[in-house]
Amino acid sequence: MSVAQVAEEDGVATPILALRNVSKTFPGTRALKSVDLDIRAGEVHALVGANGSGKSTLIKVLSGYHDVDPGAEAAYDGVPFTLGHTDTDPQHRVRFVHQDLGMVNELNAMDNLAMTAGFERGPGGLIDWSRQRQKTNQMLARLGVTLDVRRPLADASPVERTIVAIARALIGWESGRGLLVLDEPTAVLPHTEVERLLDIVREVQRMGASVLYVSHRLDEVFDIADRVTVLRDGHKEGTYDVSTLDQQRLAELMVGAQVDANFRLERPVVTGADVVLEVRGLSGTFLTGFSCEVRRGEILGIAGLAGSGAEEVPYLVSGSRAPSSPLAEVRIEGGRWNRLSGARRVEIPIVPADRAREAVIGPFSVRENLSLKVLDSVTKRSLLGRGRERVLVSDWVRKLQIKVGSSEDPITSLSGGNQQKVIIGRCLAAHPEVLVLAEPTAGVDVGTRQAIYTLIGELAEQGLAVVVTSTDANDLIALCSRVVVLSHGRQVATLQGRDVTEHNLLTAMEAETVER
Amino acid sequence: MSAEVHETLNEAAPDADSLEAGRTAVSSEGHPAGLILRALSPKNVSAVYVLILIIIVFSFWAPDTFPQFATVRQVLNSNAVVGLAALSLAIPLSARVFDLSFAYTMSLTGVTTAHFVASSNWPLPAAVAIALGVALLVGFINAVVVVVMRVDSMIGTLATGSIISAFITFVTGDTSIISGKLYGGFSEIGQTTRFGFILPVYYMLVVALVLWVVLEYTPLGRRIYATGFNTEAARLSGIRTKRIQFCSLLASAFIAGIAGISLSSILGSGSPTAGTAYLLPAFAAAFLGATQIKAGRFNAWGTILGVITLGAGTTGLALATAPPWAGNMFTGVVLIAALAVTTVQRKPSTGASLLSRLRGAKGS
């Protein structure tokens, strides 16, 4: 903060990175429209925007993954350079940690860092492993982190992988000015690990570097950033001192309309309605003897820290993962109890947590993705009715307000929020009585997020029973009138109505952890 | 077709949202002329252009023998079995399962049919039925190994192929089954000609037609592709992915059986190694097919186009009296070229050169 203020007062300080007139045109789309950006020395500069606003494109233009349209100018510390050619300058101080990190998870931290930094060699050119380990530990110690550097990254926690990626980006950069670009570093992190990452970012700032921090999560912007630049629909909305904004205002700048950062559906606790879903005796890797009832029109939240078993509930209930208890049973609408262990197929529609791996079929179009669960309903005499399929799909595209040029476009051309809507549409098209959602707003921007909340609320209003788990407490607060809190696989609390608050949720999740 | 065009137009026009988001509709999208141009673009049917090039080249290289209707007949007649084999592969490949044992299944069914025709007095249909039953049994074993026992399909079917080949040697002693009885009804299966083409050409077209309808116009086809593209997502959407992969191996073995019977009938004998030669050409045609018409998806007509293109090239080389290694060389080169071109097309960035893309990736 201090450095940024000094620069402001001087009024003459050269920005560490200056971009002018950056545009990027894809066939049929202008993803960036002459964006200017100044990043001051020593500041944490947040870059925010809704899905499809051009954040990722800007980062990819900066890193040279995309060629920039002609007419753009860029300067590092006052020295002009050609965008996309930062790598040709070994001295360049613009470093990237991309969203997918680009680590080899089968290898450990030592090997991953050595792939960039080189190995410490001993006699005969053989690797001197003890010196190598020392060097790795030093690189991590700069960030104030100690890790088991010999453990494969696949076994490390997501935040530890991110930290190793940051350490790798900083190789050969002892101290002083520079720019570290973090592209959505918290997108895949559980909320509980975000704080640890933010500490690392502060550490990098303390080393004298500037950080360009791309994120969806507005609370992080206020936690960490000095200034924030908002992109909307490919153009720059503005750059603001974070101290002059609040979450509400920032969200509105991103969406370009009124939004409520503390949005809640405020639905009453459901008591009288029929029980639609009953589960009993459900156990998984962590979950032990879980039972619950969900009534018509109810949105039941399941909360818990990583390892509490909460994250398993959607998969176990929907029948997509075999329970460890042979007696686990599920009953829908007071019908017959069905054993889950013998379940051969997914009966209850599920919106999975990991969209790319578990939900989206990349080479398929929006249409093919959306109609996947209801192919039989558009089939006549065992042939697919293309016309009926198109009608069904365009119906859902309209109902869910999915932003898409044509439903024949590949689903991967959509933003995260719109992909999520397609997946929800896939489940809803089957007219289910029950829907389970895992991480319903992961990688979804704030405007679309509210649209998804409202949508789920409307569905419940129409009688759908919903089970939802999320590591983002805001999801549960916005959606649920009843939340079951799990700890170490067991149910430890139930919160209802106005008692569903962030404070109560965290207390319930963590209090029991300490007790044990 | 024109109804489809209209629908696309109507869908594209009133989309105010997308305009707001700065996404102006792509000009070729939904425009009738654009659709036709796209259908004929080298991205979709590059093999057709290669085929035209082949015809031109060999018309000059072998002007006396190549540019004749007899060449068309020869290409199709001598590649019908390749076509059947390639179509059999396209099914499991669509569900992301390899079946390397199909070539041995072809030999096995050929030998089986020849055996029952030659050394017993059973009617021909019974012998064919038994052979197809044997093919299904092989498919079942493959499916158990790959789907139930979860052995990687590439290695698993290589192993079952080896076992089949051992079994054939054990039964036949590695000698072809030759008998006068094989010149009767048995030889008609593969040697009868209609309109200049042998029956296996028609078998191939029928199988392609069925496969086209199933993959393109039935829920099953959509589920097969979904399974192949993202098995976990397909499973979580309620698709019985294991059943689909299981059945794809059954179907593949069955069609390989048809190919094997046709082949032994064409040869007029039950050769214990007849199928092995079809391993490379069939895979080449199937993978070349996946770059054609419906790029990125194994598909029936793309496979047929692949068979014809590769067949025309090898036939032309033979007619031009090129050295014997030229055919395999040609197949290999065309396959790599087709796959390389399609992989490059799928890259998200169109402008950046490969080199600068690599540089960009290095920084990540």
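How many salt bridges are there over all chains? The count comes to 35. This is a predicted model, and every value below was computed from it.

**Salt bridges in chain A**

Side chains of opposite charge can pair when their charged atoms come close. Three such pairs in chain A are listed here.

| Acidic residue | Basic residue | Closest N to O distance |
|---|---|---|
| Glu461(A) | Arg267(A) | 3.1 Å |
| Asp274(A) | Arg296(A) | 4.0 Å |
| Glu389(A) | Arg367(A) | 3.2 Å |

Start with Glu461(A) and Arg267(A), which form a salt bridge. This pair links distant parts of the chain, 194 residues apart. Glu461(A) sits in helix α14 (residues 446-461) of chain A. Arg267(A) lies in the loop between α8 (247-255) and β11 (275-282). Are these two partners buried or exposed? Glu461(A) counts as exposed, because its relative accessibility is 60%. Arg267(A) is buried, with a relative accessible area of 14%.

Next come Asp274(A) and Arg296(A), whose side chains meet in a salt bridge. The two are 22 residues apart. Asp274(A) is in the loop between α8 and β11 of chain A. Arg296(A) is in the loop between β12 (290-295) and β13 (299-303) of chain A. At 29% relative accessibility, Arg296(A) counts as partly exposed.

Now take Glu389(A) and Arg367(A), joined by a salt bridge. They are 22 residues apart. Glu389(A) belongs to helix α12 (residues 386-399) of chain A, and Arg367(A) to helix α11 (residues 366-370) of chain A. Glu389(A) is buried, at 0% relative accessible area. Arg367(A) is buried too, at 5%.

Which residues share a network of salt bridges with Glu389(A) and Arg367(A)? They are Glu368(A), Arg390(A), Glu408(A), Arg222(B) and Arg297(B).

**A nonpolar patch on chain B**

Val148(B), Met149(B), Val151(B), Met154(B), Ile155(B) and Leu158(B) form a nonpolar patch on the surface. Together they have about 550 Å² of accessible area. Helix α8 (residues 153-172) of chain B gives the most to the patch, with 3 residues. Met149(B) is found in the loop between α7 (124-148) and α8 of chain B. Met149(B) counts as exposed, because its relative accessibility is 53%.

**Two crossing helices in chain B**

Look at helix α14 (residues 279-289) and helix α15 (residues 300-319) of chain B. Their axes come within 7 Å and cross at roughly 125 degrees. Therefore α14(B) is oblique to α15(B). The crossing of α14(B) past α15(B) is right-handed.

Technical notes:
Residues are numbered from 1 along each chain as its sequence is written. Chains are lettered from A and ligands numbered from 1 in the order in which they are written. This is a predicted model: local features need pLDDT of at least 70, side-chain atom pairs count only at pLDDT 80 or more; totals for chains, interfaces and linings use all residues. Side-chain values use heavy atoms; hydrogens and water are left out. Patches are made of residues with over 30% relative accessible area and no salt bridge: like charges are joined within 9 Å, nonpolar side chains (Val, Leu, Ile, Met, Phe, Trp, Tyr) within 5 Å. Accessible areas come from the Shrake-Rupley method with a 1.4 Å probe; for residues, only the protein chains shown count as cover. Helices (H or I, at least four residues) and strands (E, at least two) are DSSP runs, numbered from the N terminus. Buried means under 20% relative accessible area, exposed over 50%, partly exposed in between (1.4 Å probe, protein chains only). Axes are lines fitted to C-alpha atoms, for helices over the stretch in contact, and angles run from 0 to 180 degrees between N-to-C directions. Angles under 35 degrees count as roughly parallel, over 145 as roughly antiparallel, 65 to 115 as roughly perpendicular and the rest as oblique. A crossing is left-handed if the near helix is turned anticlockwise from the far one by less than a right angle, and right-handed if clockwise.
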